[in-house]
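Subject: A structure to look through

Dear colleague,

I am passing on a structure that I have been working through, together with some notes on what was found in it. Please open it first and keep it beside you while you read.

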Amino acid sequence: MDTDNDAVKRANQRRKQLLLMLAMTVACIEFAPDSMAIQIPDTRFNFKRLDSPTCKFLFRFDKKQIEDLVVELRLPDVVITKAGHKALALEALLILLRRMAYPGRLGDITQHFGRSRTAISFIFNNVLLHIFRRFKHLLLWDTHRITEQKLIQFADAYHAQGAPLIDCIGDPDGTVRQMCRPGKGVQKAAYNGHKWKHALKWQSISCPDGIIAHLHGPEPGSRHDLTFVVYGDPAYGLKDWMVSPFKGAQLTEEQDAFNKAMSRVRVTVEWAFGLIVANWAFVDFHKNLKLWLQPVGVYYNVAVLLTNMLTCCKGANELSIFFALDPPTLNEYLHSSPAPTELGDDQEEDDE
């Protein structure tokens with residue numbers, strides 16, 4: 001009798017388990033579309049509803065600065081990607097700024113703009129390449145803006161801050177930006193033994209008006225910091241156009257004083273690199289920087305351009321305040337020299 005009762009109990013328990021599994025399966029089928037698919041808001045992004053503090057939080061520029069930026073970047077009134085996605089110039093620029101400001105997923109940006117991840121990806125790349133192709137010449141020592149009179153101002157600003165040199169106009173330095181392991185035969189070239197990571201390298205010259213006036217790169221992470229001019233660290237050595245600190249353990253008082261005075265003003269070049277990743281954290285998220293799937297080099301170059309634009313819009317940054325020298329206006333920075341007319345199409349970005 002007990003055996004029959006046990007069999008009945010086991011059968012009832014098994015039946016309950018089967019019913020529970022069936023109910024869970026039905027629930028998964030019923031709610032799968034809502035739980036797995038990203039819901040795109042029905043309404044599009046409304047810029048007019050945002051105040052300036054919110055704009056600065058989301059896009060790094062305030063509301064008035066964004067409106068000025070749309071005009072100065074000379075974006076087309078309607079941005080059309082090769083996949084047929086359309087966006088007004090303002091919305092297209094905001095998509096770029098939102099993506100660059102923080103390494104969020106495309107699905108997160110979807111909730112702000114009411115567009116699919118695919119559309120946001122194409123629009124982002126379209127504006128990214130527009131800025132790079134139209135304004136990359138500004139990162140190659142713009143002689144139209146940096147005139148002889150401007151160089152004299154730079155040298156005077158350095159000397160006024162205690163630099164012994166009377167003709168120092170800028171500080172060169174390099175930065176190593178980590179990325180995903182690249183594969184495809186370039187891992188050795190991209191590996192930086194000093195930092196113990198796969199990376200690309202850039203060299204820059206920052207000037208006392210707060211602008212990064214020259215940017216060279218990307219180069220493979222294994223390459224050494226030996227490219228530029230003006231006052232650099234000991235790794236640069238001595239040339240007719242390069243000054244670096246005195247070396248050795250037995251320095252004279254004058255040599256030691258020279259090194260300390262120049263070191264005080266040279267530290268500002270690190271501030272410039274810090275501004276780039278502080279404002280555009282997307283370029284600092286190495287897990288999403290995939291060499292063969294994305295224009296990793298273009299990301300950083302555009303981040304430098306955006307940093308310079310932000311400095312111009314604000315009218316100052318840490319460097320320009322330290323040297324008491326105002327940066328150019330946004331129009332002066334972007335349009336002092338002729339811009340190339342070639343504007344290429346967008347390219348698809350790999351979603352993370």
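**How far to trust the model**

This is a predicted model, and its pLDDT averages 78 over the protein, with 71% of the residues scoring at least 70. Over residues 31-36 the pLDDT is below 50, and that stretch has 3 contacts in the model once near neighbours in sequence are set aside. Residues 224-232 also stay under 50 in pLDDT, although the model gives them 53 contacts beyond four places in sequence. Where pLDDT is low, the predicted coordinates should not be read in detail.

**The protein as a whole**

The protein has 352 residues, of which 47% count as buried, and its secondary structure comes to 13 helices and 8 strands. Among the contacts with a separation of 6 or more, 67% are between residues 24 or more positions apart. The accessible surface comes to about 18,600 Å², and carbon and sulfur atoms account for 55% of that surface.

**Helix 2 and the loop after it**

Which residues of helix 2 are buried? In this helix, which runs over residues 52-59, they are Cys55, Leu58 and Phe59. Viewed down the helix axis, these buried residues fall within an arc of 75°, and therefore they line one face of helix 2. Pro53 and Phe57, on the other side of helix 2, are exposed. As for the partners of the buried residues, they pack against helix 3 (63-72), helix 4 (89-101) and helix 5 (106-113).

Arginine 60 comes just after helix 2 and lies in the loop between helix 2 and helix 3. Its phi is near 75°, a positive value in a residue other than glycine. Most residues other than glycine have a negative phi, which is a good reason to look at this place with some care. Arginine 74, in the loop between helix 3 and strand 1, has a positive phi too, of about 55°, and is not a glycine either. With a relative accessibility of 40%, arginine 74 counts as partly exposed.

**A buried methionine in helix 4**

Is methionine 100 buried or exposed? This residue of helix 4 is buried, with a relative accessible area of 0%. Leaving aside neighbours within four places in sequence, methionine 100 is in contact with nine residues' worth of partners, including Phe124, Trp280, Phe282, Tyr299 and Leu306. Leucine 58, one of the buried residues of helix 2, is 42 residues away from methionine 100 along the chain, and the C-alpha atoms of the two are separated by 10.0 Å.

**A nonpolar patch on the surface**

Val78, Ile80 and Leu88 make a nonpolar surface patch of about 270 Å². Of these residues, valine 78 is in strand 1, which covers residues 78-80, and at 38% relative accessibility valine 78 counts as partly exposed.

**Salt bridges**

Side chains of opposite charge can pair when their charged atoms come close. How many salt bridges does a search of the whole structure find? The search finds 4, and the notes below cover some of them.

In helix 3, aspartate 68 and lysine 64 meet through their side chains in a salt bridge, at 2.9 Å from N to O. The two are 4 residues apart in helix 3, so about one helical turn separates them. Aspartate 68 counts as partly exposed, at 32% relative accessibility.

Glutamate 91 forms a salt bridge with arginine 115, with 2.8 Å between the closest N and O atoms. This pair links distant parts of the chain, since glutamate 91 is in helix 4 while arginine 115 is in the loop between helix 5 and helix 6 (117-135), 24 residues apart. Glutamate 91 is buried, with a relative accessible area of 14%, and arginine 115 is buried as well, at 8%.

Arginine 105 and aspartate 108 also meet in a salt bridge, at 3.6 Å from N to O. Here arginine 105 is exposed, with a relative accessible area of 54%, whereas aspartate 108, at 34% relative accessibility, counts as partly exposed.

With best wishes

Key
Residues numbered from 1 in each chain as written. Predicted model: local features only at pLDDT ≥ 70, side-chain atom pairs only at ≥ 80, totals over all residues. Heavy atoms only, no water. Buried < 20%, exposed > 50% of the residue type's maximum accessible area, 1.4 Å probe, protein only. Arc of directions from axis to C-beta. Contact = heavy atoms within 4.5 Å. pLDDT = per-residue confidence, 0-100. Patch = residues over 30% accessible without salt bridge, like charges linked within 9 Å, V, L, I, M, F, W, Y side chains within 5 Å. Areas by Shrake-Rupley, 256 points an atom, 1.4 Å probe, with all protein chains shown as cover.
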